[in-house]
Structures are given as structure tokens and as C-alpha cells.
Amino acid sequence: MDINRFTEKLQEAIRSAQSKAVRYGHQQIDVEHLLAALLEQEGGLAPSILAKAGVPVDNLRRRLESELERMPKVLGSSGGPDQVYVTARLNRLLTAAE
């Protein structure tokens, strides 16, 4: 997967997803992190597309945050932000998107 083949907005969302994983104490970035990042993007397409499809975006955001809270956390000095890994699930999604 070549991240440079993605749009600037998606590259920004991936970086934001990584930051979100670090804030939650997660060792892996998963699909939920990326979706939450896409929904938070200023001027992003995801919220408007979902809203047009009839998806209650605010409810989705709350459910995502709840799911992120429930994910296993890594406490202590297990490494820095550069040691956050992409899950196989997210890797498949990004590979298919590429």
C-alpha cells in the first residue's frame, strides 16, 4: 500500500487516526479510528455523504467513541507514537481503497 496514492484528506485522516489511537492508549489503529477521524475532518465528505444516506452522524460519532473507549489499552512505556500499528482489518480496507 502506497499512502501517497491517497488524497491529502485521507492522508490527514490516517494521521489523525494514529493520534486518536495514541490518545486512547491503543497499540493499533483500526477501522473505527479512521472512521472517527474522517467524521471529525473539517470540510470532509464523510459526514455529508452519511447524512445524505440518512445516517444519524452524531449518533454514529457517539457510538464510535464508545467503541474506542472499550478497546484494550496499553499502559506504561511500551513505546512511543511511532509504535502504533495498523490492524490487518484496516490494512485490507486501505489496500482495497488504493
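This passage describes the nonpolar cores, one histidine, one arginine and the largest pocket of a predicted model.

The cores come first. In soluble globular proteins, nonpolar side chains tend to be buried together. In this model, the largest nonpolar core holds 12 residues. Its members are Phe6, Leu10, Ala13, Ile14, Ala17, Ala21, Ile29, Leu34, Ala37, Val84, Leu90 and Leu94. Three elements give two or more residues each to this core: H1, helix H2 (31-40) and helix H5 (88-97). H1 provides the largest share, with 5 residues. A further core, of 7 residues, lies apart from this one. Tyr24, Leu39, Val57 and Met71 are among its members.

Ile14 belongs to the 12-residue core. Residues up to four places away in sequence are left out of its contacts here. With that limit, Ile14 touches Ile3, Phe6, Leu34 and Leu94. Of these partners, Phe6, Leu34 and Leu94 are also listed in the largest core.

His26 sits in the loop between helix H1 (8-24) and strand E1 (28-29). His26 has a relative accessible area of 5%. The cut-off for a buried residue is under 20%, so His26 counts as buried. Its side chain makes a polar contact of 2.8 Å with the side chain of His33. The His26 side chain also reaches the backbone oxygen of Leu68, at 3.0 Å. Beyond four places in sequence, the contacts of His26 are Ala21, His33, Leu68, Met71, Pro72, Lys73 and Val84. Two of these partners, Ala21 and Val84, are listed in the largest core. Another partner, Met71, is listed in the core of 7 residues.

Arg5 offers a contrast in exposure. Arg5 lies in the segment before H1. Its relative accessible area is 60%. A residue is exposed when this value is over 50%, so Arg5 is exposed. Arg5 and Tyr24 are 19 residues apart along the chain. Their C-alpha atoms are separated by 28 Å.

The largest pocket contains about 230 Å³ of space. Its lining is formed by Thr7, Lys9, Leu10, Leu38, Gln41, Gly44, Leu45, Ala46 and Ile49. H1 and helix H3 (46-52) each supply at least two of these residues. By type, the lining divides into 5 nonpolar, 3 polar and 1 charged. Leu10 is part of this lining, and Leu10 is also a member of the largest nonpolar core.

Methods:
Residues numbered from 1 in each chain as written. Predicted model: local features only at pLDDT ≥ 70, side-chain atom pairs only at ≥ 80, totals over all residues. Heavy atoms only, no water. Helix = DSSP H or I, 4+ residues; strand = E, 2+ residues; numbered from the N terminus. Buried < 20%, exposed > 50% of the residue type's maximum accessible area, 1.4 Å probe, protein only. Polar contact = N/O pair within 3.5 Å; in protein donor to acceptor, adjacent residues only side chain to side chain. Contact = heavy atoms within 4.5 Å. 1 Å grid on protein atoms, 1.4 Å probe; cavity = no way out; pocket = protein on both sides within 12 Å on 5 of 7 lines; lining within 4 Å. Points joined across faces, edges and corners; volume = space filled by probe spheres on them. Nonpolar A, V, L, I, M, F, W, Y, C, P; charged D, E, K, R; others polar. Core = buried A, V, L, I, M, F, W, Y, C linked by side-chain atoms within 4.5 Å.
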